Structure formats: structure tokens, C-alpha cells
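Visitor: Please give me a close look at the second largest pocket, and tell me which residues lie nearest its centre.

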Amino acid sequence: MSTLNKLLPTIEHQENALLLPMPWSPLKYPDTPGGRYELRSYRMTPGAPWQEPFRKTIQARAAFRYADLLGVWSSEFGELNRVYMLWHHQDLDQRMLGRARAAQDAAIVAASRESAPNLVHQWSKILLPSSFSPMQ
């Protein structure tokens, strides 16, 4: 029996999306090995001019360096008006401390306020790389 056949009974739900990198966010690998990854997703208001305010928010957070921004993508197929970003954290404590400090940074707060009206929904997942992942 193949590995996929063994896994199929454990799958309850699957979503597929084709993602394109945002032009201002090239894919990169973490500066340090190990750690934890955070995949964040934002569903934005259809037809709203969300791209520029969102870019400012993400670039302000990336400049703060509480985590390494590895990439930002928008959905081309699948659920539209969705943006994904991948962050690298040394550990989950560093994530919590960095987010708390970022909430006190005036540039991040101002950029977030500009972007927030276009936000419909968001979620975040903590990921651990598989043994064969290049993101070790």
C-alpha cells in the first residue's frame, strides 16, 4: 500500500490555490536554520484598493525584524482576494514577544490602520518543516 493510500483516511478537508508572488516580495530562505514557521492568510475586500496599504503594512512589519518575512503571495485560482505570507521565527516565544513589541511601534500601527478597512478575514497557522523540506 502506498503512503498516499495510508494517509487518505486521515484527510478531512483539502483546499487548493494557485499563488503568485507579490512583485515586491521575492521568496527567500530563513537567515538561521530551525525555528518555526507561521503561515498567515488575509482575505481582502473584493474590488477595494487594498494592495498598496497592505504592502505598506507588511513592509513595516518586515523592517521591524521581529521575524523573517520569507514571502508574500496572492491567489490567482482558488479563493480569490486572498493573500498569504510566510514568516520564520526562532521559536514561539520570540513570535509572541515580537508581535507584542510590533503592536507598540508607531509605523506598524499607522500602516495597519490604513490597511485594516480592507480586511475581511484572517487566519494564522504554525508550521513545522518535514524532514525533507528545504526550509529546515
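Guide: Happy to! A pocket here is an open set of grid points where a 1.4 Å probe fits, with protein on both sides within 12 Å along at least five of seven lines, and a lining residue has an atom within 4 Å of a point. Please keep in mind that this is a predicted model.

With that in hand, let's go to the pocket you asked for. The second largest pocket has a volume of about 220 Å³, and 16 residues line it. Nearest its centre lie Tyr-42, Thr-57, Ser-112, Leu-119 and Gln-122. You can place these on the elements as you turn the model: Tyr-42 falls within β2 (36-44), Thr-57 within α2 (51-64), and Ser-112 within α4 (106-115). Leu-119 and Gln-122 both fall within β5 (119-127).

The wall as a whole draws on several elements. At least two lining residues come from each of β2, α2, β4 (82-89), α4 and β5. Of these, α2 contributes the most, with four residues. Sorted by class, the lining holds nine nonpolar residues, four polar ones and three charged ones.

It helps to set this beside the largest pocket, which encloses about 340 Å³. Strand β5 turns up there too, giving the most to that lining with three residues. Among the residues lining the largest pocket are Trp-123, Lys-125 and Leu-127, along with others such as Glu-15, Leu-39, Trp-73 and Tyr-84. By class, its lining counts seven nonpolar, two polar and three charged residues.

Now step back to the chain that carries both pockets. Its four helices and five strands follow the order α-β-β-α-β-β-α-α-β from the N terminus. The C-alpha trace spans about 55 × 35 × 25 Å along its principal axes, and of the 136 residues, 35% are buried.

Before you leave, have a look at the surface by the start of the chain. Leu-4, Leu-7, Leu-8 and Ile-11 make a nonpolar surface patch of about 370 Å². Leu-8 sits in the loop between α1 (3-7) and β1 (18-21). Its relative accessibility is 46%, so Leu-8 counts as partly exposed, a class that runs between the 20% limit for buried and the 50% limit for exposed.

Key:
Residues are numbered from 1 along each chain as its sequence is written. This is a predicted model: local features need pLDDT of at least 70, side-chain atom pairs count only at pLDDT 80 or more; totals for chains, interfaces and linings use all residues. Side-chain values use heavy atoms; hydrogens and water are left out. On a 1 Å grid over the protein atoms alone, a cavity is a set of points where a 1.4 Å probe fits but cannot get out, and a pocket is an open set with protein on both sides within 12 Å along at least five of seven lines; lining residues have an atom within 4 Å of a point. Grid points are joined across faces, edges and corners, and a volume is the space filled by probe spheres set on the points. Ala, Val, Leu, Ile, Met, Phe, Trp, Tyr, Cys and Pro count as nonpolar, Asp, Glu, Lys and Arg as charged, and the others, Gly among them, as polar. Patches are made of residues with over 30% relative accessible area and no salt bridge: like charges are joined within 9 Å, nonpolar side chains (Val, Leu, Ile, Met, Phe, Trp, Tyr) within 5 Å. Accessible areas come from the Shrake-Rupley method with a 1.4 Å probe; for residues, only the protein chains shown count as cover. A salt bridge is a side-chain nitrogen of Lys or Arg within 4 Å of a carboxyl oxygen of Asp or Glu. Buried means under 20% relative accessible area, exposed over 50%, partly exposed in between (1.4 Å probe, protein chains only).
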